[in-house]
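Dear colleague,

Please find the structure below, together with its sequence. My notes on what was found in it follow, with the terms explained as they come up.

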Amino acid sequence: GAGIAVAVRAFTDDRGPRPAASPVPIDPRVTAQIRVGPFPTGIAAGLGSAWVGVPNQGQCRGEVVRIDQSTNEITARIPVEMYPNNIAVGFGAVWVQGDLCGDRNRGGLLRIDPATSGVAATIDIGFGTSDVAVGEDAVWVSGFAAFRTGRLFRIDPESNAVTDQVPVDGWPADIFTGPGGVWVVQQVPEGTSGSSGYELLHVEAAMGRVMGRVPNVLAAGAGEGYAWASVWVERYESGLVRIDPRTTEIIGAPIPRDFRGFAGEHGTLGTLPVGEGGVWFWAFPDRSASSARGQARIYRLNAATLEEDASVAFSPARDWIDAALDPGTHTLWISHYRDLVTRIGLAS
């Protein structure tokens, strides 16, 4: 983060789609905290449950913990032959990305059947893998090999087969779908300048090609009509930009604020969940990235007004690993570094 001034191209006009209406007011409150096991990782919500990865340290096994959203009780502990890193829900299944037997050069994807709480398929990607997302009629996995050889793998949810590989020139990390196609945060190729060391790629899903890039990215997400990215704008100071999903152009000037994604206390990158009327992030009340003081809070930036309009603080703070929104139940789920999952109700 100790970067030089960053040239972020700003557009003074307001091109691109807008949210249909101002989001309804919300009142985020902690409604449950569930102990799931040591060092939980990725979390997702859907199909009536929250799903969180829990690795078994030192063993070639992990588990996916299933939490019933109607009772907040653990209803299944699903053993998996991998270190589970990230989880996505879609196409009637739960998709778990991780390292098969702890080998970062042999990443895999598991399909869990929610009807049986069992593994229905194992897909060996062949590359190391970083993340998983669902959307654009496919399941997507970001992968990498030696010498900055990156790939985006497209998996057919009907056959569980890899049907396409999109080459990228860096090391892809976070991947998500949203307006405009597939969005990927990747470590930039060697020799590329930029203070964060990461960029956001916009990939057109149908043709499988990179359509544009946003430099100096710290965290990103997509939804509410746009892609969103936290970027360095000057030394030690960051801001949030909106990105037109048709052109990958930044709309307007960066919103000044320390917008941190969910990637652990010391993580550089992070996910910005988008939905329920806005962009969700965590930060400190003094707003500055260079002088973080006070108890960290989780905030919503209203997607229509571009102002913070809701927040919540709870303990433990700052040890947040991953976050998942569930519009069906109006909840935000957070996995914590030690052994905890927190459920936040958003309805006012």
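Two strands are said to pair if DSSP finds at least two bridges between them, where strands (E, at least two residues) are DSSP runs numbered from the N terminus. The model is a predicted one, in which local features need pLDDT of at least 70 and side-chain atom pairs count only at pLDDT 80 or more, while totals for chains, interfaces and linings use all residues. Residues are numbered from 1 along each chain as its sequence is written, and side-chain values use heavy atoms, with hydrogens and water left out.

Strand 16 (residues 198-204) pairs in the antiparallel sense over six bridges with strand 15 (residues 181-187), and Gln186 stands opposite Glu199 of strand 16. Strand 16 also pairs with strand 17 (residues 209-215), again antiparallel and over six bridges, with Val210 in strand 17 as the bridge partner of Val203. Five of the seven residues of strand 16 are buried (under 20% relative accessible area, with a 1.4 Å probe and protein chains only), so this strand is largely enclosed by the rest of the structure.

The largest nonpolar core, meaning a set of buried Ala, Val, Leu, Ile, Met, Phe, Trp, Tyr and Cys residues joined through side-chain atoms within 4.5 Å, has 17 residues, of which Ile298, Trp320, Leu332, Ile334 and Ile344 touch the most other members. Strand 26 (320-326) is one of the strands that each supply at least two residues of this core, and its three residues are the largest share. A second, separate core of 16 residues includes Val185, Ala220, Val241 and Leu269.

Best wishes

How values were computed. Buried < 20%, exposed > 50% of the residue type's maximum accessible area, 1.4 Å probe, protein only. Helix = DSSP H or I, 4+ residues; strand = E, 2+ residues; numbered from the N terminus.
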